[in-house]
Amino acid sequence: MTNSADHSWTHAGHGLPDSEPSLNTTAIATGLQLPAGFAAIAGDPELGPAITNNLARVEKKLREAIANSDPLADATSRHLVEAGGKRIRPLLTLLCAHLGDASLPAVVQAAVVVELTHLATLYHDDVMDSAPFRRGAPTAHEVWGNSVAVLTGDLIFARASILVSELGGRALGIQARTFERLCLGQLHETVGPRPDEDPVEHYLSVIADKTGSLVAASGQFGAIFSGADEAFEDVLVEYGEKVGVAFQLADDVIDVTGAKVKSGKSPGTDLREGVPTLPVLLLRRAAADGDQSAVDLLTLIDGDLSSDEALTAAVAGLREHPVTAESWVVARSWADEAIAALAPLPDGVVKHSLSNFALAVVDRAS
């Protein structure tokens, strides 16, 4: 019988280390830059250093969680972590934890869980969307192939599950329900709306599941593991759902504004790949209602967009059409609702920062 020690790679990266790793948190914290909307955090003499230092701890623990002595698993798992990212979900967990005792160790672990979950979904999404780039780097499936990319996403989900199981049954239940919604959102996006379903409402439900659910869980974890008032949980869940939808809707519009997105995604990528987004769905609705300009533009969008010239023309046409302005109105309405949901929270930097973030996601100059 083979000794299990000969297969130690199967256990690599599982659990939390007994001591802090050699990577210096101060060095990581120095290089961190908070996303737009969180300036109030940076300017607060107490909250600023607390959030920044905890974000640095999250970054260290992310790398620990995905580490694996198997060379292929280690390389594929590190691929997206090392490509960077805004870390918005763990930041929300850490920020919301300041409604209670943010120094509790479980807060950082919960923040790691939500980011690992997010990273895992990106591996799967990129395969399903055949996306060539993510965060300015080639996607994992472009480097190692679809099967390896999907299995890497599964592996990272498994690591997230191990960490969340250590946080207790309630955390595991929230994670499981969120995972279920992530899967259902992707499934519904893949099959499209039913014949009797409004395409815009279908799309909103998809992004609520794919984006809003995990953002909501991020804030909820912050409240739970800091021991904050239980009444704040529902507030943060509603806020997270709505701000997550606003964020994705803004991304839809950014794709057709002609500005190159920092992730490396060029304008019009969604158009070329036939991904349904709010501006195009509203354009189809306008065409069905008899708008001839919408009909003409759809002929171009539904045509061959393989050439850069055709794609540029489609982007320009959609950018100038009224449906793009209408899409911004819809995105901002979700952000406004997210801000309104925060009313029960106590006034202070946490509430102010959450409000400013909601405004920032629909006012990005990406």
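User: Happy to dig into this one with you! What area does the protein chain expose, and how much of it do carbon and sulfur atoms supply?

Analyst: Glad to help! In this predicted model, the protein chain exposes about 16400 Å², and 55% of that area is supplied by carbon and sulfur atoms.

User: Why is threonine 211 called buried?

Analyst: Its relative accessible area is 10%, and buried means under 20%, so threonine 211 counts as buried. The residue sits in helix α10, which covers residues 199–225. Across the 366 residues of the chain, 49% count as buried.

User: What makes Arg89, Gly244 and Gln248 contacts of threonine 211?

Analyst: A contact needs heavy atoms within 4.5 Å. Threonine 211 touches Arg89, Gly244 and Gln248, with residues up to four places away in sequence left out.

User: Now the cavities. How many of 30 Å³ or more does a search of the whole structure find?

Analyst: There are three. The second largest has a volume of about 30 Å³.

User: Which elements give two or more residues to the lining of that second largest cavity?

Analyst: They are α4 (71–81), α6 (105–129) and α7 (140–144). Helix α6 supplies the largest share, three residues.

User: What makes Tyr123 part of this lining, and how does the lining divide by residue type?

Analyst: Lining residues have an atom within 4 Å of a cavity point, and Tyr123 is listed in the lining, as are Asp126 and Arg134. The lining divides into five nonpolar, three polar and two charged residues. Tyr counts as nonpolar, whereas Asp and Arg count as charged.

Key
Residues are numbered from 1 along each chain as its sequence is written. This is a predicted model: local features need pLDDT of at least 70, side-chain atom pairs count only at pLDDT 80 or more; totals for chains, interfaces and linings use all residues. Side-chain values use heavy atoms; hydrogens and water are left out. On a 1 Å grid over the protein atoms alone, a cavity is a set of points where a 1.4 Å probe fits but cannot get out, and a pocket is an open set with protein on both sides within 12 Å along at least five of seven lines; lining residues have an atom within 4 Å of a point. Grid points are joined across faces, edges and corners, and a volume is the space filled by probe spheres set on the points. Helices (H or I, at least four residues) and strands (E, at least two) are DSSP runs, numbered from the N terminus. Buried means under 20% relative accessible area, exposed over 50%, partly exposed in between (1.4 Å probe, protein chains only). Accessible areas come from the Shrake-Rupley method with a 1.4 Å probe; for residues, only the protein chains shown count as cover.
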